Amino acid sequence: QVQLVESGGGVVQAGGSLRLSCAASGSGISGFSILAMGWYRQAPGKQRELVADISSSDHANYGLFVKGRFAISRDKTENAVFLQMDSLEPEDTAVYYCNAVARRRSSYYAFPDEDYWGQGTHVIVSS
């Protein structure tokens with residue numbers, strides 16, 4: 001199993017910055033290849049949406065609302081992903097979830113990709 005632990009959420013004034021961190025761990029993690037990692041968010045009454053993700057080759061995708069304000073990065077040796085959020089707006093208030101796409105290592109069988117989620121961290125941006 002892969003466990004994701006997030007940190008870095010909190011309350012910040014509009015225009016401020018936060019840095020979210022997420023690390024993948026678990027007793028069986030050595031048996032997995034971590035493929036993409038990313039961040040999603042869900043505001044009250046809204047659907048979960050992609051904030052940013054980054055592939056194993058460091059290709060990053062961002063939600064259209066990011067508009068150059070956020071930057072995703074990853075430390076593959078530590079199975080960690082980070083989200084630097086600048087110029088935060090009240091509309092960025094949401095629960096932010098870490099996501100990892102992982103595949104069980106095997107020389108004999110092509111396991112399907114598996115999605116894992118963190119417990120979520122709250123980001124509150126006050127006006």
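Is Thr-93 buried, partly exposed or exposed? I opened my notebook with that one, and I remind myself that the model is predicted.

**Entry 1: Thr-93**

I looked up the accessibility and found a relative accessible area of 24% for Thr-93, so I put this residue down as partly exposed. The cut-off for buried is under 20%. Next I checked the location: Thr-93 belongs to the loop between E8 and E9. I then listed its contacts, skipping neighbours within four places in sequence, and got Ala-43, Val-123, Ile-124 and Val-125. I also took one distance across the sequence. Thr-93 and Gly-10 are 83 residues apart along the chain, and their C-alpha atoms are 9.9 Å apart.

**Entry 2: Ala-94**

One step on, I came to Ala-94, which is found in strand E9. Its relative accessibility is 5%, so Ala-94 counts as buried. With neighbours within four places left aside, I found Ala-94 in contact with Arg-41, Gln-42, Ala-43, Thr-121, His-122 and Val-123. Ala-43 and Val-123 had already turned up in my list for Thr-93. I tried a distance here too: Ala-80 is 14 residues from Ala-94 along the chain, and 21 Å separates their C-alpha atoms.

**Entry 3: the fold as a whole**

I stepped back to count elements. How many helices and strands does the protein have? I found 0 helices and 11 strands, so to speak a one-letter pattern, β-β-β-β-β-β-β-β-β-β-β, when read along the sequence. I then asked which contacts hold the larger part of the list: among contacts with a separation of 6 or more, residues 24 or more positions apart account for 56%.

**Entry 4: size and surface**

I compared the radius of gyration with the globule rule. For 127 residues, a compact globule would come near 14 Å, and the protein has 15 Å, which agrees. The C-alpha trace spans about 55 × 25 × 25 Å along its principal axes. Of the 127 residues, 41% count as buried. I noted an exposed area of about 6,900 Å², with 50% of it supplied by carbon and sulfur atoms. For the charges, I took the mean positions of the 11 positive and 13 negative ones, and they lie 2 Å apart.

**Entry 5: the nonpolar core**

Which residues touch the most other members of the largest nonpolar core? I found Leu-4, Trp-39, Leu-83, Met-85 and Tyr-96, in a core of 31 residues. The elements giving two or more residues to this core are E3 (18-25), E4 (32-42), E5 (49-54), E7 (70-75), E8 (80-85), E9 (94-104) and E11 (121-126), each of them a strand. E9 gives the most, with 5 residues.

I picked Leu-83 for a closer look. Not counting residues up to four places away in sequence, Leu-83 touches Leu-18, Arg-19, Leu-20, Trp-39, Val-51, Ala-52, Phe-70, Ala-71, Ile-72 and Tyr-96. Trp-39 and Tyr-96 are also on my list of core members with the most touches.

**Entry 6: Gln-119**

I moved on to Gln-119, in the loop between strand E10 (114-117) and E11. Its relative accessible area is 52%, and exposed begins over 50%, so Gln-119 goes down as exposed. Even with neighbours within four places left aside, Gln-119 is in contact with Leu-4, Val-5, Glu-6 and Tyr-97. I checked the pair with Val-5: they are 114 residues apart in sequence, with 7.2 Å from C-alpha to C-alpha.

**Entry 7: two positive phi angles**

Last, I went through the backbone angles. Lys-67 is not a glycine, yet it has a positive phi of about 50 degrees. Lys-67 sits in the loop between strand E6 (60-62) and E7. At 71% relative accessibility, Lys-67 counts as exposed.

Ser-87, not a glycine either, also shows a positive phi of about 50 degrees. Where does Ser-87 lie? I found it in the loop between E8 and E9, where I had also placed Thr-93. Ser-87 has 40% relative accessibility, so it counts as partly exposed.

Terms used: Residues numbered from 1 in each chain as written. Predicted model: local features only at pLDDT ≥ 70, side-chain atom pairs only at ≥ 80, totals over all residues. Heavy atoms only, no water. Core = buried A, V, L, I, M, F, W, Y, C linked by side-chain atoms within 4.5 Å. Buried < 20%, exposed > 50% of the residue type's maximum accessible area, 1.4 Å probe, protein only. Helix = DSSP H or I, 4+ residues; strand = E, 2+ residues; numbered from the N terminus. Contact = heavy atoms within 4.5 Å. Rg over C-alpha atoms; globule rule 2.2 N^0.38 Å. Areas by Shrake-Rupley, 256 points an atom, 1.4 Å probe, with all protein chains shown as cover. Lys, Arg positive; Asp, Glu negative; His and termini not counted. Charge placed at Lys NZ, Arg CZ, Asp CG, Glu CD.
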